[in-house]
Amino acid sequence: MKVSLSITGNMTDYEAATAFIGEWGRFQQEVFFLLCMSIIPNGFTALSIVFLADTLPHRCLIPAHVNLTAAWRNSSIPLEADSPSGTLVPSKCARYKLQDVLDFSDRGLLPGLDVNLSHVSTEGCLDGWEYDRSVYISTIISEWDLVCDDRWKNPLTSSIFFCGVLSGSLVSGQLSDRYGRKNVLFVTIAIQTVATFLLAFSQSWVMFCAIYFIVGLGAISNYVTAFVLGAEILGQHVRPVFSTAGVSIFFAVGYMLLPLFAFFIRDWRMLILGLALPGFFCVPLWWYIPESPRWLLSQGRVEEAEAIIRNAAKKNKIEAPSVIFSPLQIELQSDQRKAYNICDLLRSPNIRWLSITLWLVWNTVAIGYFALSLNTSNLHGNVFFNCFLSALVEIPAYTLSWVMFRWFSRRLSLSSTLFMGGLFLLLIQLVPANQIFLAITLEMMGKFAVTTAFAIVYAYTAELYPTVLRNTALGTCSMVSRVGSIIAPYFIYLRSYSVSLPYILMGSLTALVGLLSLLLPDTRGMPLPDTITHMQRFPGCCQKKPNTLTQVEENENPAERKSLVVQ
């Protein structure tokens with residue numbers, strides 16, 4: 001008598017049962033494109049702070065009612081060395097003491113001739129600032145004077161948004177695993193849209209940040225949920241296209257439209273209202289996007305799952321069999337129902353080391369991606385063109401991610417793109433200061449590589465985790481990565497100390513994590529796992545014998561024992 005275990009049985013049961021509907025019929029096409037369209041507003045939202053919080057050129061305000069001669073009014077601002085060029089420019093945060101300047105003016109003295117300006121006392125901008133409005137009508141920086149002593153509020157604004165993203169990553173995965181992918185998707189789309197609309201009516205910086213936190217929470221929640229929903233509905237051959245090129249390219253489309261909106265709408269309040277509008281067009285999608293049949297089966301809701309599959313067959317003009325899911329499959333799915341949570345990502349050595357490694361990868365990729373994206377306003381040249389260029393390089397990056405995901409090892413694809421991205425960023429510090437366009441080219445190549453890695457790691461993570469934990473795992477990975485996105489604005493803030501310092505730190509981290517990712521197991525050609533016991537093994541973790549189950553695995557998956565076949 002010989003005992004054997006079909007390791008891939010549960011993983012392929014669903015795909016085998018639904019294979020009759022095909023891979024790319026009308027049903028799959030609708031799901032693919034409608035879910036991708038729901039991603040477009042995320043491209044607006046995630047990086048809109050580039051324009052909402054861009055710092056206008058500014059200097060201390062000299063009140064119009066102060067009676068100064070033209071010579072003293074033009075010389076009332078001291079000069080200081082600009083970094084990194086070292087050229088002398090008017091100070092942004094200081095002016096000569098107004099009472100002294102007024103006295104010199106009344107006495108008819110001339111600046112630089114009769115008065116040595118280096119001996120004149122200075123003071124802060126006691127009467128506020130005047131802004132150069134040649135590019136923007138207003139931003140939140142000019143609205144609430146977030147400059148000089150309050151300039152720390154600028155990166156904090158972005159960080160608060162990403163704190164919302166972190167919170168959304170934490171709760172959305174568990175909510176959608178409990179209440180369904182579709183319900184959470186549309187609730188969070190509504191939260192993002194309404195909060196973005198209300199953002200335009202903020203009366204203070206604190207109010208803006210509070211609402212912006214909610215925008216971040218809704219944005220990441222619907223992105224991750226749409227990603228998982230598509231990965232679970234679409235078939236094995238279409239899934240990599242959706243997971244890499246599909247959602248990512250539509251995100252990039254939204255990102256590319258952002259500078260177009262900002263170019264024509266130069267006031268930050270009106271810009272936000274324009275960016276909120278597309279979210280309202282997602283409402284009709286409720287009647288066209290179905291719930292995940294995989295999730296319904298995991299909840300024991302077999303009739304609803306069968307109804308969706310039969311509707312898919314009808315749309316694809318295929319006759320469905322009388323019985324789609326066998327009684328044994330239903331019984332197995334029913335037995336596998338168990339409340340999983342974030343603690344299960346650390347419960348066993350295999351999933352623990354896998355999760356820790358992925359968390360490090362996600363965190364570093366987020367630092368690189370968002371720091372480089374937020375840095376576009378600091379690059380030489382037109383801010384709108386630079387932002388568009390930063391978005392444009394994502395299209396070939398996402399296309400390359402699909403090509404690599406389709407024909408190459410997942411592990412090597414992720415590792416190589418991370419390492420090359422880090423290398424490009426490290427090379428920037430070697431470029432002479434006068435070679436501006438070469439530096440921008442290297443930065444865009446680094447952004448290209450990091451963006452490719454970001455698309456790959458999303459799809460790769462979805463394939464590594466089982467159905468019972470997939471959304472929770474993706475949400476948790478996204479949550480951990482937001483630690484990186486929260487501190488990413490402060491990487492850019494380091495420019496005030498050294499222009500090359502952000503690139504040295506980002507390049508080193510990215511290259512090192514690229515090497516670390518070589519430890520991850522490969523999933524190319526493998527069906528999606530449905531249970532924890534069917535996950536790929538992390539190097540160094542004990543591989544269980546193919547014909548036995550440990551006591552812990554039996555306790556976690558009592559249904560697994562029913563797949564033992566006695567021959």
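Helices here are DSSP runs of H or I with at least four residues, numbered from the N terminus. The model is a predicted one, and two things are worth a look in it: its internal cavities and a pair of packed helices.

Start with the empty space. Searching the whole structure turns up eight cavities of 30 Å³ or more. The largest of these holds about 290 Å³ of space. Its lining is made up of 18 residues, and those lying nearest the centre are Y223, F251, F370, Y458 and R482.

Which helices supply the lining of the largest cavity? At least two residues each come from α3 (40-46), α8 (153-179), α10 (205-233), α11 (239-264), α16 (349-374) and α20 (436-464). The largest share belongs to α20, with four residues. As for chemistry, the lining of this cavity splits into 14 nonpolar residues, three polar ones and one charged.

Now for the helix pair. Two packed helices are described by the angle and the distance between their axes. For α17 (residues 383-392) and α18 (residues 394-407), the packing angle is about 10° and the axes sit 5 Å apart. Angles under 35 degrees count as roughly parallel, and α17 and α18 are therefore roughly parallel to each other. On the α17 side, the contact is made by S390, A391 and L392, while α18 brings in E394, I395 and P396. Sorted by type, the residues of this contact come out as four nonpolar, one polar and one charged.

Conventions. Residues are numbered from 1 along each chain as its sequence is written. This is a predicted model: local features need pLDDT of at least 70, side-chain atom pairs count only at pLDDT 80 or more; totals for chains, interfaces and linings use all residues. Side-chain values use heavy atoms; hydrogens and water are left out. Axes are lines fitted to C-alpha atoms, for helices over the stretch in contact, and angles run from 0 to 180 degrees between N-to-C directions. Angles under 35 degrees count as roughly parallel, over 145 as roughly antiparallel, 65 to 115 as roughly perpendicular and the rest as oblique. Contact means heavy atoms within 4.5 Å. Ala, Val, Leu, Ile, Met, Phe, Trp, Tyr, Cys and Pro count as nonpolar, Asp, Glu, Lys and Arg as charged, and the others, Gly among them, as polar. On a 1 Å grid over the protein atoms alone, a cavity is a set of points where a 1.4 Å probe fits but cannot get out, and a pocket is an open set with protein on both sides within 12 Å along at least five of seven lines; lining residues have an atom within 4 Å of a point. Grid points are joined across faces, edges and corners, and a volume is the space filled by probe spheres set on the points.
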